[in-house]
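Open the model in your viewer and keep the sequence panel beside it. This tour goes one selection at a time.

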Amino acid sequence: MGMLRRTLLLAAVSAYLAYQPGRATAQEFPSRPIAVVVPSGAGGLSDTLARPVVNKAKTYLDATYIVENKPGASGIIAAFAVQRAEPDGYTLLLANGTSNGAAEALVKNPPYASAKDFIPVAFVGETQFALVASKSLPVSNGTELLEYARKNPGKLSYGTFGQGSAGHLFAEIMAKSNGAQIVHVPFKNEADVAQAIIGGEIELGMLVSSKTFVDQGQVKLIGVTSPSGTSAYTGRPTPAREA
């Protein structure tokens, strides 16, 4: 299975004031703080990425940037907030493949259309997911996990940061293509998923920001979604490929 990744993009509702005839001149922009809306809670992946992006942006445009956390609904809450904002360049969205891709396609009557309502500003980066498990789960790799899941249909549950998120889609594809039944439990952000695994509420989770939890021995790594691996976990195969 190819790498399932989240492509992160900084997007604005509309062009900057310099391109808004009759509103203001380019020299007047910015005259107030610029909001950068992220579809995760504090400490989540988007939040963690937004802050260095904002610091770098200051070197190109001298402005005050405010990071606003709007987690929930697989990023739809954040994206919709930006879509409804005044199209004056003062509201930006750290979008991803879930908020402006999968979630939009899976939700009936989505409140926005990414191709029409947002303008790309800058590509930020891409990420891979890690499938992690509770330390008490008697498996250590993808093959053992799927075998265990097939023998215990519906008894395992996994968490992601939202219905329709990239992690949700990958886990469902992996399970269904291997004849396994694993219950999905959506959370608002990755930190909640990790804590649910550590606390014994769920057995599995699809995380991007997983290395700290793995290194501290709080969860165990089953595999990563990149077929070529990742520098964070050298040599670890994908769960689907193992199976």
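## Start inside: Val193

Select Val193, which is buried, with a relative accessible area of 0%. The model is predicted, so treat every value here as computed from predicted coordinates. Val193 belongs to helix H7.

Now show its contacts. Leaving aside residues up to four places away in sequence, Val193 touches Gly159, Thr160, Phe161, Phe187, Ile202, Gly205 and Leu207. Pick Thr160 from that group. Thr160 and Val193 are 33 residues apart in sequence, yet their C-alpha atoms are 6.3 Å apart in space.

Widen the selection to the whole of helix H7, residues 190–198. Helix H7 lies across E6, E7 and E9. Its direction runs at about 155° to E9.

## The sheet

Next, colour the strands. In what order do the five strands of the open sheet come? Read across, the order is E8-E7-E9-E6-E10. The pairing is mixed.

Find the edges. Strand E8 (182–186) and strand E10 (220–224) are the edge strands, and each pairs on one side only. Look along the sheet for its twist, which averages 25° from one strand to the next.

Turn to helix H5, residues 142–151. Helix H5 packs on the sheet and touches E6, strand E7 (156–160), E8, strand E9 (204–207) and E10. The direction of helix H5 makes about 125° with that of E7.

## Strand E9

Zoom in on E9. Are its faces covered or bare? Both faces are covered. Leu204 and Met206 are buried on one side, and Gly205 and Leu207 are buried on the other. In a regular strand, side chains alternate between the two faces of the sheet.

Now select Gly205. In E9, Gly205 is the bridge partner of Gly159. Gly205 is also the bridge partner of Val132. Gly205 is among the residues that Val193 touches, too.

Check the strand directions around E9. E7 and E9 pair in the parallel sense, over two bridges. E6 and E9 run antiparallel and are joined by four bridges.

## Strands E6 and E10

Move on to E6, residues 130–133. How many bridges join E6 to E10? There are four, and these two strands run antiparallel.

Two pairs are good to label. Ala130 has Val224 as its bridge partner in E10. Leu131 stands opposite Gly223, also in E10.

Colour E10 by burial. Although E10 is an edge strand, it is mostly covered: four of its five residues are buried.

## The cavities

Switch on a cavity display. How many cavities of 30 Å³ or more does the whole structure hold? A search finds three. The largest cavity contains about 80 Å³ of space.

Select the lining of the largest cavity, which is made up of eleven residues. Pro39, Ser40, Leu45, Phe161 and Glu190 lie nearest its centre. Phe161 also appears among the contacts of Val193. By type, the lining divides into three nonpolar, five polar and three charged residues.

## Last stop: Pro87

Finish at Pro87. Look for it in the loop between helix H2 (76–84) and strand E4 (91–95). Is Pro87 buried, partly exposed or exposed? Its relative accessible area is 26%, so Pro87 is partly exposed.

Add Phe118 to the selection. Pro87 and Phe118 are 31 residues apart along the chain, and 9.7 Å separates their C-alpha atoms.

How values were computed
Residues are numbered from 1 along each chain as its sequence is written. This is a predicted model: local features need pLDDT of at least 70, side-chain atom pairs count only at pLDDT 80 or more; totals for chains, interfaces and linings use all residues. Side-chain values use heavy atoms; hydrogens and water are left out. Buried means under 20% relative accessible area, exposed over 50%, partly exposed in between (1.4 Å probe, protein chains only). Two strands pair if DSSP finds at least two bridges between them. Axes are lines fitted to C-alpha atoms, for helices over the stretch in contact, and angles run from 0 to 180 degrees between N-to-C directions. Contact means heavy atoms within 4.5 Å. On a 1 Å grid over the protein atoms alone, a cavity is a set of points where a 1.4 Å probe fits but cannot get out, and a pocket is an open set with protein on both sides within 12 Å along at least five of seven lines; lining residues have an atom within 4 Å of a point. Grid points are joined across faces, edges and corners, and a volume is the space filled by probe spheres set on the points. Ala, Val, Leu, Ile, Met, Phe, Trp, Tyr, Cys and Pro count as nonpolar, Asp, Glu, Lys and Arg as charged, and the others, Gly among them, as polar.
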